[in-house]
Amino acid sequence: MIDESQMQNDGLSPYLTGLNESQMDAVQTTDGPVLVLAGAGTGKTRVLTTRLAHILATGKAFPGQVLAVTFTNKAAQEMKERVASILNEPTVERWWLGTFHAIAVRMLRAHAEKVGLGSDFAIIDTDDQLRLVKQLLKESNLDDKKWPPKSVLGVIQRWKDRGQTPDHVSASEAKEFAGGRIHKIYQSYQQRMKELNACDFGDLLLHTLVIFQTYPDVLADYHRRFHYILVDEYQDTNVAQYLWLRLLAQGHQNVCCVGDDDQSIYGWRGAEVGNILRFEKDFPGAKVVRLERNYRSTGRILAAASSVISHNEGRLGKTLWTDDDEGEMLRVRGLWDGEAEARFVGEETESLQRQGQSLDQIAVLVRTGAMTREFEERFLTLGIPYRVIGGARFYERLEIRDALAYLRLVNSADDSLAFERVINTPKRGLGPAAVSVVHQLARQIETSLFKAAQEIVETDELRPAARKSMAGFVAQVERWQSLKGDMPHPELADLILEESGYLEFWQNDKSVEAKGRVENLRELVNALGEFESLPDFLEHVSLVMDTNSQQNQEMVSIMTLHGAKGLEFETVFLPGWEEGLFPNQRAMDEQGLKGLEEERRLAYVGLTRARERAIISFAANRRMHGSWASAIPSRFVDELPHEHIERESDRGIYSAPLEPSYGGFGSGRGWQDNDRGSPGMQRARSYSGGESQLVRQAAQKVSESKSGFGRGERVFHQKFGYGLVSSVEGERLTISFDKAGSKKVLSNFVVPAEKAGM
DNA sequence: ATGATGACTCTTTTT
DNA sequence: GAGTCATCAT
C-alpha cells in the first residue's frame, strides 16, 4: 500500500499525476453519488481504476469494502492488474472486483437456499438451456414452427433481463406470447432449474435480486459491507443489473458510474441507455462529471466519429476534442465482392507491416461473426498471423463441452443435463428409447437421471443389451466418483477421457477436424491443472468462457465490433459497410429507428477504436448463407465528413479514379465483357463510367419506389448472367440464374433481359 | 439403434 | 453452405 503520510505531505500522490482537471475531479470526489459521462478515449478506465486505488490508498475503505463491477472479464482483469500495480498490493484476488455475473455468483452461493437452490448449484450454458426448452416445448405441444426453442428462450431471457421472475410478469404481458403459454413454459423452466439445482446466466442476477428484495437483512449486510461502489460501462446495464445496483448503492450512496451513452450497443440484450439518464433522479444531488478530451485518436478520426454519431437523436451530447494532430485522412474503399475486400485488407496489412507497424496494432472489426472467415482465409494464404477474438470459443466447442459434461457428472452425479449429454456419447447403444425410460423413472421417483439409471439397471425395464451397456456406464461413473478424492484432478480427467472411450472416439475419427479436437481435449486437461479443484475449474469455465492462451507472436486481431469495445489499435479496418449488413437489416426491421441508432453507435465505437488510421470498405456483392447478394454502400459512409475522407474505388464499383482490377471480376463474364455497346449495357457502362451517380440513383430508388421487377420476369445480372425472377421482396429479388443457381440480389444490379441484348 | 439422405432455416451482436 | 431435424433403410 502507498504510505498515507507521504501522500498528505506532497498533497498529490504519484498515481494522480498526469490526470487532467475533470479526471482528477472524478477521481477525488469520493463521497456521494457520481456519474462520469465519458466519451471514447477519454481515459475512463484509468479514472475508475485510479479512483479505486485512491479510495484504498487514502484509507477511506478497506479492499473488502469496495465493490467494483465491470462488464467483461477482460475489463475486470485489467482493472485488477492496474490497481494491484498502483498499490503494489498483490492480494486483489479476494476483492469484490469482477463482472456482474462473477459478483452475483459469489453472493448467490452464500444465500442459495433462499431461492430453493443448493450452494453447489451448477451454471448451465446455452446448449443446456436450449435442450431444456425443447423438452418443455414438447410437453406443452406448442406449434414448434411458430415457436422455435430459440425464440422461446429469447422471450424468457428478456424477462430475466428485466428482472422479472415468472410471478413478476404482468398478466397482460404474459398473454402477449402465444396466449400465455410461453409464460407457462417460463414457469416450468424455472421449476426444472430448481430441480436440477442449476442456474442460467440470467438467473445469477435475477435470484440475487430476488434475495435482496425479499430479505432486507441480507441487503442490509451488503449495505454495511460496501462503502463504495464503482461501475464501468454503465450504459450497458440492463434492467435487472440496474435494479440490483440501485439496491446495493442505496446503502452508502457512494456510487460512481462511468459510461458513454454513445457507446451503448447492447440494447438487444436488454441494456437501457435510460439508466444513465435516470441516475440523477435515483441519486439526488449526484455530481456529474464530463470527460470530453480524447487522448486516443487523431483529429480526423475523431471528427469522423463525431460526424457519424451526430446523426443520432436523443443523445446526452458530449463534444469530444483533442489536441492531437489532424493525422491521416480516413480511407473509404469500394470493392467488387467480399473476397476482393479481404485481398485489399491483406495487402494493406502487408504494406503496414513493411512500414514497420506491429501486427498487434492492427485490427479488423466486422459486424457479424460470420464475416471473420473471409479474412482468416486471406491471412492464412498470405501467411499473416492473426487471432480471432471471441469467435468459436474454446469452451464452446463440441468436444470440450462433451468432456466437460463428463467432468460435471463425476463432480456431481445429480447433474442430469450432463448425464443426458454423455450417456450415448460415444455411442453405447443407448438411444432415445433407453433414455426416455430413465427419464420416466426419474420423474416418477423425483430424482436425478443418474440415480434413476442406477435403479433401472437392477430391473428388467431395459432390453438386455441396453441394460448391460447402461450398467457398464453407471459402474464407470461410480468408479470415477470414488477416485475423485485421492487422485489429482487432471489425472482423473485423463482417465475419464480414456476409459469412457471418448478420446478414442475422436482418435478413430478420420475427418479433418478430429485431430484438432484431440488436441483440444489435451489442452483442456492442461487447463484443469491450473485450478485448485474440479468444482473451481467448472465454475471458472461457466463464467469465463475463454482461454487465456495468448501466444507471444505478434498478430492481427479479427473481431466483431461488439468485441472491440474498450480496445484500441493504431490501425483499424472497418469492412462491410453496406446497407443491410451494417446497418444491419434485421436490427432496423425489428427495432426501427432505435435499431438504426444502435447500429450507428456501433459505427462510432468502431471508428473510435483507431488511434492513427481507419480504413473503411464496402463490397458490392457478398455471399450470404449460400447465395450471392448485392448491396449499396452503407448510409454511414455518407455521414462521414468529406473533408477528412479519401474515397478510392475499384473499377465499376464506385466513383473514379479507375484502378487496375484485381484479377478481373469473377470468372468468364465480367463488366468489361459487357461493355460492348449492346443497347442494354448503358446501365452497366455507367458503373465504370466514373461518377457515383448510379449508386446515388440506386439509393434513391430504394427509398422511393419498388423494384419494378415482377415474378417470372426474365432478367440479366452483370455477374451471374441471365435468370428468372422467382420472388420479389421490395428491392430484393431472388433470381434463379441459368448458370449460377439461385441468388438473392438487389434490383439495382439487374436489367430486364430484353434490354441486355440477347 | 444407427447412419444416410434430403428439406429446411439461418447469422446480428454476448455475459 | 452449414448445421439441424425428420424420415427412411439398414
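This tour moves from the DNA contact surface to the salt bridges and then to the nonpolar cores.

The model is predicted, so local features require pLDDT of at least 70 and side-chain atom pairs count only at pLDDT 80 or more, while totals for chains, interfaces and linings use all residues. Residues are numbered from 1 along each chain as its sequence is written, chains are lettered from A and ligands numbered from 1 in the order in which they are written, and side-chain values use heavy atoms, with hydrogens and water left out.

**DNA strand B**

Begin by selecting DNA strand B together with the residues near it, a residue being near when one of its heavy atoms lies within 4 Å of the strand. There are 26 residues around the strand, and Arg367, Gly369, Arg393, Gly429 and Arg586 come nearest. By class, this surface has eight nonpolar, 11 polar and seven charged residues; Ala, Val, Leu, Ile, Met, Phe, Trp, Tyr, Cys and Pro count as nonpolar, Asp, Glu, Lys and Arg as charged, and the others, Gly among them, as polar. On the DNA side, 58% of the strand B atoms within 4 Å of the protein belong to sugar or phosphate, and the rest belong to bases.

Next, display the polar contacts, which are pairs of N or O atoms within 3.5 Å; within protein, one must be able to donate a hydrogen and the other to accept it, and residues adjacent in sequence count only if both atoms are side-chain atoms. Select Asn424: a polar atom of its side chain lies 3.0 Å from a phosphate oxygen of strand B. At Gly429, a polar backbone atom is 2.9 Å from a phosphate oxygen of the strand. Then turn to His101, where an N or O atom in the side chain is 3.3 Å from a base oxygen of strand B. Helix H19 (432–444) and helix H26 (585–607) are the elements giving two or more residues to this surface, and H26 gives the most, with three. Helices (H or I, at least four residues) and strands (E, at least two) are DSSP runs, numbered from the N terminus.

**Salt bridges**

The structure holds 46 salt bridges, each defined as a side-chain nitrogen of Lys or Arg within 4 Å of a carboxyl oxygen of Asp or Glu. Select Lys287 and Asp25, which meet at 3.0 Å, N to O. Lys287 belongs to strand E8 (residues 287–291) and Asp25 to helix H2 (residues 21–28), so the pair ties together parts that are 262 residues apart in sequence.

Move to Glu568 and Arg296, whose side chains form a salt bridge at 2.8 Å, N to O. Glu568 is partly exposed, with a relative accessible area of 35%, whereas Arg296 is buried at 13%; buried means under 20%, exposed over 50%, and partly exposed in between, with a 1.4 Å probe and protein chains only.

Now select Arg131 and Glu420, a salt bridge at 3.8 Å, N to O. This pair links helix H6 (residues 126–139) to helix H18 (residues 416–422), with the two residues 289 apart.

**Nonpolar cores**

Finally, select Phe419, one of the residues with the most contacts inside the largest nonpolar core, which has 53 residues. Such a core is a set of buried Ala, Val, Leu, Ile, Met, Phe, Trp, Tyr and Cys residues joined through side-chain atoms within 4.5 Å. Helix H17 (residues 398–411) gives the most to this core, with eight residues. Another core, of 44 residues, lies apart from it and includes Leu37, Val115, Leu117 and Leu245.
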